[in-house]
Amino acid sequence: MSVSYDKNTLRQLKDGLLPHDTAHRMQSSYKDADRFQKMLEIWQESVPWDDKILMPLAEHLFVVIKPDGRRIIKSTWGYEYCEAHENWKRYAKVFVRNTPELMREVYPDKLGADVNWMELREFYDPISGVLLEVEAVPPGYPFVHDIKPDIDTFYNDWLGIPVPEAD
Amino acid sequence: MTLTQLPPTQATKPIGWNGKSVKEMLLESERLFAETGHYNGMIDLPLRDNYPILYEKIFSHLRGGLVNARSTALNISASPIVREIGELSFALYTPEGDSIALSTGIIVHVHTISDAIKYMIRNNWEKNPGIKPGNVYCNNNSMIGDVHTADVHTIIPIFWEGELIGWAGGVTHEIDVGGVSPGSMCYGHADRYGDGLLVSCELVGENDEFHESYLLRCRESVRAEMYWVLDEKTRLTGCQLIRDQVYRTIEEVGIDNYKQFIRESIEEGRRSFIGTVKQMTFPGEYEAPSFMDVPWKEDSTVHPMAQKDILMHSPLKISIDKVGHMGISFEGANQWDFHSFNCAPSPMQGAMWVLLTQTLFNSDKVNDGAYFATNVHLPYGSWCNPDFHKVSTTLTWLFLIPGFTGMIRSLGRAYFARGFLEEISAGYACTFNLLQGGGINHFGQPSAFTNFELSSQGTGALYYKDGEASCAAMWNPEGDMGEMETWEYLEPMLYMGRSIKPNSGGHGKYRGGMGMESLRMLYKTKHQILFSAGEGHVFGTAGIFGGYPGNSGYRHAMHGTNMTEIIAEQKPYPLVDGDPEDSQMSSLVQANQDVFDLHQLSGPHHFGEHDLYASIQRGGPGLGDPLERDPASVESDLNAGYLLPRFAETVYGVIAKQEENGRWRVDTAATEEHRQAKRQERLTKAMDAQDFIAQQRERVLHRDFIQPVYEMYQSSMALSESWKKKFYTFWNLPEDFTF
């Protein structure tokens, strides 16, 4: 069954403004085949820079194509972290809640973790200070690489189109 | 002495199709799948393509029969776990044991029953003890095909004109399993010999009736015998109702169409799953590890071999390849141990399956097609694939539940990449606290119970809204907390109160659904053994996109209280524990012993009359930066008592004041200004990640970790060379460094 949503509806969904029953119907309905392209346009309109977005990677993070062909992870505010296959967290700002006092800023005593067993790592965008991810891991755990996208397979094999190039 | 030789039994005709044994059918099915990549070699689906109405009609008949079987049969049960919470489900299988369709309920078992059926086929049950019309088999052995001892399967074969045309299976969760301690998921023992009544694909009935000797063994082996025996009859009735529906369907559509349908429906399920993966996700790799603490070093109530602190490591990794196959790997998981939280491969498959049916593959046409489109890697020797066959598995869920929390989160990242924002969830909360136990109950009878209000946890935040409060369990999409009065009838413990737990929902732009708590007072009993179970020193899950995990748990129990005096003098008494930094229990009640710590997972402890037991459930994980949360939502949470006021500023950057009428009011302008300052403050306090890595490398080189963390790393590296390499590479450790 063919389903499609106008960009205004999808923009409202992105911004949390869509009535919940409408969003619920979207969950229950068949999926729209043009969603990726439409959302890509909406994301592109939402950022203040011109690099072409290849995919949204996480909230406020995008993979963009640079004029020299490099695929770079870039934030809403324009911070360029690294290449798409790398873990952007290595190039972020990090704050670690690894003392009882720091844990108690976020959780009441006994509702948080024991920092000897587990710490919270907060990764911030270096330009805006926006919190992008929180890791809950034992001390000494390597950074979690949340997503390593296979962009070539996605475009070439799943969408059946070449990976876009920079304008 | 001469042994009397019995005359040879008459050779029986194979029960499979076209003169084959059912084992031959299973092997052929597997060969065809390996050779063609299609279930049973079904490259074409002529029934579906040429007669779609008939195809859908058969499905509807079978699906309706399964749902009806569940709804009807549960009325036979007396157990509130089955009747009220709905901890049962039924499914229909092919002769080879692949699921065709299923009812609602605890559908985690649809694939575990499949494993049990295949075990019988592979191990020649056709010859001994025989597979005949009217036979009844029972299984609760997780190493064969189950989650844990408390989930008991009934399986019956379905014949048509001398041929095996399928199996019907049903499962219920029992209140007690006759383990070394009371409760359905008791623990504290070292191995399987404390797990309780174990039934391993046993022939327990013939001619549609249970063997009386089997029912007698059940009665003699478990504490809550009435519930167990009635649940046996519940499952058998459900299976027979399914069989009747299959017969009605065949009479209407013919046996040939039925046989064609069961093959095509599974292949369609496989293709549908792959199609959905390619439609909804993004190819690549996703990491989402999770952890669970077992703080038993000083817990004298557990077996000496279990007395140590352990940190479970679940390094979940999802891979989605070019053709849409989904692989889930736990490479790097640490070793099994002498506790009851080990997990056999069958429940790991079941967990993956039940989660997929709630997010990616959530149509009513769910069957084992999804199993054929995925693969799960479980390192041998780890907690999720033990190399010791007789490990205890009574509470497999304790590791399995946190072990899969990253799966929903990872799929959320995939949906984000594709633009399907409405499908994103931060994940699920662990379904803890688990309250269970037993002793002499309020009717003066030896008894046991498992409280299933843990079926109602807060859900994870969605991309566009907060999670729902106290309504779901990852293992049962239709979770229900049950009526307090029903639990009070079963358990010698009064409810002092049941309420939302403040600060339980994980913080975020959208917060996780709130968790709840109950406060129970032991009543009309001199002696009960009670367990509490859940994560205490760690979070079992994590948030997404800047959201935080929901609450971890704790233990609060008061022994030797002055509750009789409080009641007699009509003094204020606690309804819940509330803010643990200002505990209602500790401030209103005096006790000889106030146990208040992070040892949420504790062994069996004695409780007497008027002792208090707090049961803290979980809130869901959050999504997004809390500084992006609508201040009006923070105000609403403050006024509902969901958020403790001191966290409005520290977490959300919200400036709010309490008015004379007690209501909180947010100062929007001051909040915006304060949030700007907080974002700048973050950058001042944070360090470059590269500096953090360099700093932490020193800690790693000094092995500066507490024992359970250190041993977790040791164990994961001992079992997995690739995980060791990953760890060494990240920290840039010298090759001669030993951990």
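Does Asp208(B) count as buried, exposed or partly exposed, and how many C-beta neighbours does Asp208(B) have inside 10 Å? The legends below describe close-up views of a predicted model, beginning with this residue.

**View 1. Asp208(B) in the loop between β6 and β7 of chain B.** With 14 C-beta neighbours inside 10 Å, Asp208(B) counts as partly exposed, because the partly exposed class lies between 12 or fewer neighbours (exposed) and 20 or more (buried). The flanking strands are β6 (202-206) and β7 (209-210) of chain B. Phi of Asp208(B) is near 65°, a positive value in a residue other than glycine.

**View 2. Glu161(B) in the loop between β4 and β5 of chain B.** The loop that holds Glu161(B) joins β4 (151-160) to β5 (163-173) of chain B. Glu161(B) is not a glycine, and its phi is positive, near 50°. Glu161(B) is exposed because 7 other C-beta atoms lie within 10 Å, and a residue with 12 or fewer is assigned to that class.

**View 3. Cis peptide bonds of chain B at Pro129(B) and Asn433(B).** Asn128(B) and Pro129(B) are joined by a cis peptide bond with omega of about 15°. Pro129(B) belongs to helix α6 (residues 126-130) of chain B. A cis bond also runs from Phe432(B) to Asn433(B), where omega is near 20°. Asn433(B) is located in the loop between α14 (405-418) and β14 (435-440) of chain B.

**View 4. Contact of helices α1 and α5 of chain B.** Two packed helices are described by the angle between their axes and the distance between the axes. For α1 (residues 22-36) and α5 (residues 109-122) of chain B, the axes come within 8 Å and cross at roughly 115°. The crossing of α1(B) with α5(B) is left-handed. From α1(B), Val22(B), Lys23(B) and Leu26(B) take part, and they meet Lys118(B), Ile121(B) and Arg122(B) of α5(B). The residues of this contact comprise 3 nonpolar, no polar and 3 charged.

**View 5. Arg97(A) in strand β5 of chain A.** The strand spans residues 93-97 of chain A. Arg97(A) counts as buried because 23 C-beta neighbours lie inside 10 Å, and the buried class begins at 20. Leaving aside residues up to four places away in sequence, Arg97(A) touches Leu102(A), Met103(A), Val106(A), Glu119(A) and Leu120(A). Of these partners, Leu120(A) is 23 residues from Arg97(A) in sequence, while their C-alpha atoms are 5.0 Å apart in space.

**View 6. Fold and domains of chain A.** Chain A contains 5 helices and 8 strands, which follow the pattern α-α-α-β-β-β-β-β-α-β-β-β-α along the sequence. The C-alpha trace of chain A spans about 50 × 45 × 30 Å along its principal axes. Of the 167 residues of chain A, 43% count as buried. Among contacts in chain A between residues at least 6 apart in sequence, 45% join residues at least 24 apart. The domain assignment divides chain A into domain 1 (1-46) and domain 2 (47-159), with C-alpha centres 24 Å apart. Contact between the two domains involves 4 residues of domain 1 of chain A and 4 residues of domain 2 of chain A. On the domain 1 side, these residues divide into 2 nonpolar, 2 polar and no charged.

**View 7. Contact between chain A and chain B.** Chain A contributes 65 residues and chain B contributes 73 residues. The elements that give two or more residues to the chain A side include α1 (7-14), α2 (20-28), α3 (35-46) and β7 (131-137) of chain A. The greatest contribution to this side comes from β7(A), with 7 residues. By class, the chain A side has 37 nonpolar, 10 polar and 18 charged residues. Between the chains, β8(A) pairs with strand β8 (residues 284-287) of chain B in the antiparallel sense over 3 bridges. Lys148(A) stands opposite Glu285(B) in β8(B).

**View 8. Domains 2 and 4 of chain B.** Chain B is assigned domain 1 (65-253), domain 2 (284-616), domain 3 (626-685) and domain 4 (689-731). Taken over C-alpha atoms, the centres of domain 2 and domain 4 of chain B are separated by 28 Å. In the contact, 13 residues of domain 2 of chain B meet 10 residues of domain 4 of chain B. The domain 2 side comprises 5 nonpolar, 6 polar and 2 charged residues.

Conventions
Residues numbered from 1 in each chain as written. Chains lettered and ligands numbered in written order. Predicted model: local features only at pLDDT ≥ 70, side-chain atom pairs only at ≥ 80, totals over all residues. Domains from an automatic or database assignment. Contact = placed C-beta atoms within 7 Å. Nonpolar A, V, L, I, M, F, W, Y, C, P; charged D, E, K, R; others polar. Axes fitted to C-alpha atoms, helices over the stretch in contact; angles between N-to-C directions. Helix = DSSP H or I, 4+ residues; strand = E, 2+ residues; numbered from the N terminus. Left-handed = near helix turned anticlockwise from the far one by under 90°. Pairing = 2+ DSSP bridges.
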